[in-house]
Amino acid sequence: MDTYLSAKRTIMTPGPVEVDPRVLQAMSMPILGQFDPAFTNIMNQTMDQLRKLFQTENEWAYPVDGTSRSGIEAVLASLIERGDRVLVPIYGRFGHLLVEICERYGADVHKIECTWGTVFSEEEVINHIHVIKPNIVACVHGETSTGCMQPLAQIGKACREQGCLFVVDAVATIGGTDVLVDEWHIDAAIGGTQKCLSVPAGMAPITYNQRVEEVIARRKKVEQGIATKDDLDEPLRGTVVASNYFDLGMLQDYWSPRRLNHHTEATSMVYALHKGLAILLEEGLPHRFARHAYHEKALIAGLTAMGLELFVSHQHKLPMVTCVCVPVGLDADRVRAFMLHHFGVEIASSFGPLHGKIWRIGTMGYSCRKENILFVLAALEAALLHYGTKIETGKAVQAALSYYEQTEKSAMA
């Protein structure tokens, strides 16, 4: 165990990322009871912070206890009734995850797919909405498996016009680039803590609007052991949500002024999320988004100067994940293992058809810093040279440094 505790890592994956030291300090604060007014005040503040993060006026914005997948499942489990038609555009691994969850809750899932490394035109998705007439459209905003980001604004507008709900997995993008929940007509959005928020994995921030709340209210059932007479007398107007833990109706009561007991809150994780959001909002969303784009450009300058090819370089590239093509004949995982063993630098492989063919370098949250960009470039160059790969030696770090110096001089001018 001591070996793991003493290991120093520079984490440059698409999640998890390095946690801001101030968040770690907040997590060490004493535990409060979940109904202690001091703690419920923190809960209320966290909800307000999440509204700002999601750029929404929604009443409901709170975290689900569990990793990002728990938030996705909670939203879909609470919305899908058996036989509901759900349209899922798939352009990477996590679109398939949406299908998996929807099918498990009895949805009639309609898939459209495009080549990994590309995205859909909004018109193509909208055309399928008109044909399929789904109850729900579920879409990934930022696909970390391919380094692509799907445009959403017109899709959300079309969903609103067609009367279907628009559910968005914004796990990779929230806190790193714009997620305009209200402007893009997103009915429910799910985020993650372990990526651009730089908080440990373990909570999934969600937000949803009144259209979603109406579905939740129709399916609401309060547990027998905590239900009041009024709860028991309330007629059920829809099917009961199949999951108890992921029932948004019950979670909503827990996070509301009613504070109806559902689970024991993960106190230290709420501390972490509250602090992480405070840091983010102090930095300011526009500045934080610009920081992610700024260091992305430095990384790309270094990679291309080295002679490496980007897997995605089109306008829909995910700004906080850069995918690099593995040179032909090179064992991608051996390079990653070399970087981790000798430099303590971690980058990621990918999944399915892209495993072993690309590396994924994340520049997210607290990991998105100049020293990390320079270090990952140096470690990758050393690993490639060690395995005899022909690259432009000595140019990667210098190209990134030139970018930093030029932009710093421009800012001072």
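This tour moves from the central sheet to the helices across it, and then to the cavities and pockets of a predicted model.

**The sheet**

Begin by displaying the strands as a cartoon. Seven strands form an open sheet in the order 2-10-9-8-5-3-4, and their pairing is mixed. To find the edges, select residues 60-65, which are strand 2, and residues 108-113, which are strand 4; each of these strands pairs on one side only. Viewed along the sheet, the twist from one strand to the next averages 20°.

Next, select residues 165-169 and 188-190. These are strand 8 and strand 9, which pair in the parallel sense over three bridges. Within this selection, show Asp169 and look across to strand 9, where Ile190 stands opposite. Keep both residues displayed, for they return at a later stop.

**Two helices across the sheet**

Select residues 37-54 to bring up helix 3. This helix lies across strand 2, strand 9 and strand 10, the last of which spans 203-208. Its course is at about 105° to strand 2.

Now select residues 93-104, which are helix 5. Strand 3 (85-90), strand 4, strand 5 (136-140) and strand 8 are the strands that helix 5 lies across. With strand 3 also shown, the angle between helix 5 and that strand is about 165°.

**The second largest cavity**

The structure holds two cavities of 30 Å³ or more. Stay with the sheet and take the second largest cavity, which has about 30 Å³ of space. Select Ile72, Leu76, Leu98, Ala138, Cys139, Val167, Val168, Asp169 and Ile190 to show its lining. Asp169 and Ile190, the residues that stand opposite each other in the strand pair, both belong to this lining.

Which elements each supply at least two residues of this lining? They are helix 4 (68-79), strand 5 and strand 8. Strand 8 gives the most, with three residues. Coloured by class, the lining of the second largest cavity shows eight nonpolar residues, no polar ones and one charged.

**The largest pocket**

Turn next to the largest pocket, where about 370 Å³ of space lies. Select Ser68, Phe94, Val171, Gln194 and Lys195, which lie nearest its centre among the 22 lining residues. Helix 4 and helix 5 each supply at least two residues of this lining. By class, the lining of the largest pocket comprises 10 nonpolar, seven polar and five charged residues.

**The second largest pocket**

Move to residues 210-218 and 229-233. These are helix 8 and helix 9, the elements that give two or more residues to the lining of the second largest pocket, which 14 residues line in total. Helix 9 gives the most, with three residues. The volume of this pocket is about 260 Å³. To centre the view, select Lys220, Lys221, Val222, Asp231 and Glu234, which lie nearest the centre of the pocket. The lining of the second largest pocket has six nonpolar residues, one polar and seven charged.

**The largest cavity**

Keep Lys220, Lys221 and Val222 selected for the final stop, as these residues also line the largest cavity. Add Ile226, Gly249, Met250, Asp253, Leu260, Asn261 and His262 to complete its lining. About 50 Å³ of space lies within the largest cavity. Its lining residues divide into four nonpolar, three polar and three charged.

Conventions. Residues are numbered from 1 along each chain as its sequence is written. This is a predicted model: local features need pLDDT of at least 70, side-chain atom pairs count only at pLDDT 80 or more; totals for chains, interfaces and linings use all residues. Side-chain values use heavy atoms; hydrogens and water are left out. Two strands pair if DSSP finds at least two bridges between them. Helices (H or I, at least four residues) and strands (E, at least two) are DSSP runs, numbered from the N terminus. Axes are lines fitted to C-alpha atoms, for helices over the stretch in contact, and angles run from 0 to 180 degrees between N-to-C directions. Contact means heavy atoms within 4.5 Å. On a 1 Å grid over the protein atoms alone, a cavity is a set of points where a 1.4 Å probe fits but cannot get out, and a pocket is an open set with protein on both sides within 12 Å along at least five of seven lines; lining residues have an atom within 4 Å of a point. Grid points are joined across faces, edges and corners, and a volume is the space filled by probe spheres set on the points. Ala, Val, Leu, Ile, Met, Phe, Trp, Tyr, Cys and Pro count as nonpolar, Asp, Glu, Lys and Arg as charged, and the others, Gly among them, as polar.
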